[in-house]
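Biologist: Please take a close look at one helix crossing, and then work outwards to the surrounding parts. I would like the criteria stated once, where each is needed.

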Amino acid sequence: MGRRLVVIGNGMAGGKLLEELALACPGKYEITVFGNEPYGNYNRIMLSPLLAGDKTLDDIMLNGREWYAANGFNLQAGADKAVVAINRGRKTVQCADGSETPYDKLVIATGSNPYFLPVEGNDLQGVMGFRAITDVNRMLSAVGEGKNAVVIGGGLLGLEAAVGLAGRGMQVTVVHHNATLLNRQLDAYAANLLEENLRSRGIHFKKPADTAKLSGSNGKLEHIHFADGSSQPADLVIMALGIRPNIRLAQEAGLFCKSGIVVSDSLQSYDPSIYALGECIEHRGATFGLVAPLYDQAKVLANHLSEHGVAQYKTLPTATKLKVTGIHLFSVGNFSGTDSSENLIYKDPANAIYKKLVIDNNRLIGAVAYGDTSEGSFYSELVESARDICDLRPYLMFGRALCEQMAGTPVMENAA
Amino acid sequence: MTLQTIQTTCAYCGVGCGINSSVQADAHHASVQGDQQHPSNFGRLCSKGTALADTISLNERLLVPEMNGHKTDWDTALNAVAHGFAQTIAQYGPDAVAFYVSGQLLTEDYYVANKLMKGFMGSGNIDTNSRLCMSSSVAGHKRAFGTDTVPGCYADFELADLIVLVGSNTAWCHPVLFQRIKAHKEKNPQVKVVVIDPRKTQTCDIADLHLPLKPGSDVSLFNGLLVAIAEAGKLDADFIRNHTDNITDAINCAEINGDINSVAATCDLNAEDVREFYRLFCATEKNITLYSQGVNQSSAGTDKVNAIINCHLATGRIGKAGMGPFSMTGQPNAMGGREVGGLANTLAAHLEFNATDLDIVRRFWRAPNLTEAPGLSAVDMFDAVKTGRIKAIWIMATNPVVSMPDADNVKAALEACPLVVVSDCVADTDTLRLAHIKLPATGWSEKDGTVTNSERRISRQRALFAKSGEAQHDWWIISEVARRMGFAEAFPYQHPSEIFAEHAALSGFENNATQRLRDFDISKFAHIERAAYDALLPVQWPVNAEYPEGRARFFADGLFFTPSRKARFIPVRQRWPKHKTCAEYPLVLNTGRIRDQWHTMTRTALAAQLNQHIDEAYVDIHPQDAQQYALQDNAIAHINSRWGKMLARVKISANQRRGEIFVPMHWTGVLSRAGRMGALVNPVIDPDSKQPESKHTPVHIKAYHANWYGFILSREPLPWPEAEYLISIKGKDFYRYELAGSGQKNLADLQHWLNGCTGDSISYEDASLGMYRYALLHNGRLIAVAMLSRDTNLPQRQWLGSLFNKSEIDSRGRAALLSGLAPAGEDIGRIVCACFSVGENSIKNAIKGGCCSTAQIGAQLKAGTNCGSCIPEIKQLLGAK
């Protein structure tokens, strides 16, 4: 069996895989990594703080080029090293510069692309996504006092972008198709608290609203128009409507894809030599957009590649956080509930604190917290473990310490 | 700031403890300590006495006269009372008016009230709440001795080798006497204590033998004892022959009960226990029998008293050191009331309704209008109000709407009465709510006069402060009404010493062997001056030429106050309580006091520390009965009798006999929505003493199925929420409401309950369990917290209550608040020691930490080192280790 391992993609998933491989089987493979961004490995989820000016580029670098060298990884990074094709017959990958690299095993970690609304004017200058350091750089160059920015999408990324831009002095409006911000993470009550906070930071909202088109002159964005007929000036539009798995390479190479590259529990694609992980995959019907499952996948895949061969990837409920200074929110699991679920609710409006725990069949199945997220990991563990919480129910809202005090033992085995 | 030390006496029970109070008059502040010199207590005080200083706030006082709900001036109010009584008498005769007075009045108040009613209004219709308390003792004493004479004194407790406690939870009801007995027993291990009580009370803590007899079987037990004394050859033949009459009849009557086995069966006791009691009694010369309400509050109360006295007469153990029967009275001045004639059937100064005595009093008072017949006793009096025979009633210093049997009937009677006058020191009582005219009286800390305790000891109760607001002394109020009715000449009093002197003079008036010899004679004080009165030291009557320094004991000389100067044996037969249990009302209701409350709680409930030990009206029930009637511990029970109903918190207790429940007497309509025990009690009276049978009412009990349970703690008092079950409790820095009810409640109801409070809210809900919690905070201070649940499983109030004492609750504390649970170690638990506010958890921790005696716990936590009445409970905690 050959020792040549090629990894396409040097983002969060690819980078983590390298770290795991360095631990699991150092030297087992000759590893080449291709990345289309001219950096080592950086923490993509820290782009918002970078935009907000809370962090610098150095702060968010995870592994610089020297780390790759030190571990014997061959890093090929930059636009010219973007992989443009996979030749499964010859077992090579081809870069934009025409170079071809052979592999024995290939890992696809191409991540995702921001979803661009298919509306007129979405290609105007001033319309962009928020996925990479280049996006941040473009935004920062467009920033100007009193200029108008519109963020389309009131999800995590959109709100982080909005806060960042507002903090840079721009007039920011968030356009959201739902009346509830972060509707995939929050219920209406928590979303209202969040909205109040964001309004106090000068952010405006237009919701529920759908964008009809973008317009401008000389190829340059000037206005955004809504389905209700209204419009407003816009110097910058950030598309933050979610992501789509980046499966172009895989599809062109004939790998079986649905929404993402379909992989097994060991993250193997339909080609036994090719693996995939991260936001580009589809596993048991699920696609991914948060960092925690990516890290889990990297562990499983490293385990598999190192031929320890026992780990299987299992999708777990994932908690989310909004990375905005001064805003604490958290959600996990099914916080909307089921027909038979029951809610425990805590409110401290003066301190903008709200918590909801969703219980079904004596199990915690979901949680939302706003303002005080200190017990987030406790709730995540309970959702993951599906422990019967009957005995803890009266104390659950008040956190792990009280539950353990009342139960007389650590509530979770791994919490000891 | 000037500190002044004033010697006075306690406001509560009949022990009559002396108090040293350090008074800061300008700040209206006082502290209270037991008077080391006072012969009743030698420095000891119980939890209630210790907390007296917490009851002197003016906030809850009645300070201005009111008529028909409006404030008025004294002149108007007094004229209205005088006019109302005069008109009623003019129209319907003197028996259409009545006074219902109190063992809380001082002797001087009492004397003037009695003089006005019997001597000048011309009716016998003055009766006192002492009727509910010790009139059976009065009647029993009179039958046996010819006079209402307590033969012995407290010092006898410490001279006795056998102490028999009958129908008395001394540990809780007369704690200082209990401490004296306990200390005596500890010092002298040969001393035996026998407790005769259907309940296994805290008093049994020091008992060598407990006889949990069937309620009402006391006469059989003591008749059996009389027979056993005779059989054991312990009759004092000389004493019997020379100083008593009628022993043969008494023994013949006693023998009807049969042998010891038969007596034991009658009393539902173990025959060996009965035999042991009789053996101890026969074998122990120095023996006292102390008894209280378990004896008195019975339709056979007088017979029970005489059954006890018979045994002491038979053995000649009476009036000698360490020997005798002894009635422990309930109130601070029940004895004073007996002395002045506060009962409807006595005249004054232990004079009776006979031609000689009427003549004496008529001449002494210059009262030609003196009533010639006894008046109506309490139960009959309120019945007469109900039927309209009495049309004007003046109630002083007592709360009959709570304390009387068939209390709903009393309430209805007063509601229908054309003129109800109530004098009281507090602003709100169940009885005041029905008053047309409210008269603000001085209370303890302002009153100035004398009281007599259970051992005939007269002590001065002195004012710590000047009168507050427009409050006036009761004797002044009564005298002013008397003047306005045209009796100014007979009521010229300017100072209580003048009244006391007149009272003393009457006691000595023609009081000699040739004219009309009486036991009660304090003629030494007949001309007492104000200065001497103010300096009066505690002294036991009689105080006369023969006994200028008082007299500790009567009857050792064998001289009684019957015409023959001999004591009388009274043949008594077992008579069972009037109302038997039946299928509909299968349980016996017993009632009584708890450790930290006094009567209807109008004053003790003002002291937060006294509301901690027991905070709600409850019912003690045997575990098997609880099972039979499907009652859960701490749930709420609905109790009803033929006369009324109440709701009470269930306490399952193996200290109850099966078939018998116990409910404390204290809770009122002011403090609860359905906690008035008096409504249940049958209005049955003893034919001789007219004392109600408050210890025995057939009742039915069932679970009260509340849809929800809850509580509120609030910094400020709140309007009462709609709830069938509601108890209001004053805590330290907060008011607490315990609630339960039907219907559905949710968070919106909690918000509504706290509507009047301002603050930031925090809330918690678990709607499917019906659990709702809500709190308001302002600037970090807790303003109010309310919690609801479908069951009684609610957080402990103790810790939540302690948060009101915090000037700021930090964010962690705020987040934990609605859990209702203290961070580990912060919750001291239910208060056990009221004097030092020591909680059950603290004591348990000390035990865990190695304390293994009450002394060690006392050294570490101070618990039990003041009044000591919590020591039995501390022992239980030690035992449960």
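Modeller: The crossing of H16(B) past H18(B) is left-handed, meaning that the near helix is turned anticlockwise from the far one by less than a right angle, whereas clockwise would make it right-handed. The model is predicted, with local features requiring pLDDT of at least 70 and side-chain atom pairs pLDDT 80 or more, while totals for chains, interfaces and linings use all residues. Residues are numbered from 1 along each chain as its sequence is written, with chains lettered from A and ligands numbered from 1 in the order in which they are written.

H16(B) covers residues 378-387 and H18(B) residues 407-416; their axes are 8 Å apart and the packing angle is about 45°. Helices (H or I, at least four residues) and strands (E, at least two) are DSSP runs numbered from the N terminus. Axes are lines fitted to C-alpha atoms, for helices over the stretch in contact, and angles run from 0 to 180 degrees between N-to-C directions. At about 45°, H16(B) is therefore oblique to H18(B); under 35 degrees would be roughly parallel, over 145 roughly antiparallel, 65 to 115 roughly perpendicular, and the rest is oblique. On the H16(B) side the contact uses Phe382(B), Val385(B) and Lys386(B). H18(B) answers with Asn409(B), Val410(B), Ala412(B), Ala413(B), Leu414(B) and Ala416(B). Contact here requires C-beta atoms, placed from the backbone, within 7 Å.

A second helix pair in chain B can be set beside this one. H7(B), residues 218-231, and H11(B), residues 271-283, have axes that come within 10 Å and cross at roughly 55°. H7(B) is thus oblique to H11(B), and their crossing is right-handed. Gly224(B), Leu225(B), Ala228(B) and Ile229(B) of H7(B) meet Val274(B), Tyr278(B), Phe281(B) and Cys282(B) of H11(B).

Next comes a covered helix. In H19(B), residues 474-484, nine of the eleven residues are buried, among them Trp475(B), Trp476(B), Ile477(B) and Ile478(B). Buried means 20 or more other C-beta atoms within 10 Å of the residue's own, exposed 12 or fewer, and partly exposed in between, with C-beta atoms placed from the backbone. Asp474(B) and Glu480(B) are also on the buried list. The cover over the buried residues of H19(B) includes the helices H2 (74-92), H3 (107-121) and H20 (496-508) of chain B. Strands S14 (392-396), S15 (419-424) and S16 (437-440) of chain B contribute to that cover as well. Just after H19(B), Gly486(B) has a positive phi of about 100°.

His700(B), in strand S26 (697-703) of chain B, is a case of partial exposure, because it has 19 C-beta neighbours inside 10 Å. Beyond residues up to four places away in sequence, His700(B) touches Glu584(B), Tyr585(B), Pro586(B), Leu587(B) and Asn640(B). Asp688(B) is twelve residues from His700(B) along the chain, and their C-alpha atoms are 29 Å apart.

At the start of chain B, three strands form an open antiparallel sheet in the order S1-S2-S3. S1 (4-9) and S3 (29-34) of chain B are its edges, each with a single partner strand, so one side of each lacks a neighbour in the sheet. Neighbouring strands of this sheet are turned by 30° against each other on average, direction ignored. Six bridges join S1(B) to S2(B), residues 18-24, and one partnership is that of Ile6(B) with Ser21(B). Pairing of two strands requires at least two DSSP bridges between them.

The nonpolar interior reaches into both chains. The largest nonpolar core has 364 residues, and those with the most contacts inside it are Val151(A), Leu194(A), Val237(A), Ile238(A) and Ile163(B). Such a core is a set of buried Ala, Val, Leu, Ile, Met, Phe, Trp, Tyr and Cys residues joined through C-beta atoms within 7 Å. Outside its neighbours within four places in sequence, Ile238(A) contacts residues including Met128(A), Phe130(A), Val151(A) and Ile152(A). A second, separate core has 49 residues, among them Val6(A), Val7(A), Ile86(A) and Cys280(A).

Where the two chains touch, 14 residues come from chain B and 15 from chain A. On the chain B side, S30 (760-766) and H25 (811-817) each supply at least two residues, and S30(B) gives the largest share, seven residues.
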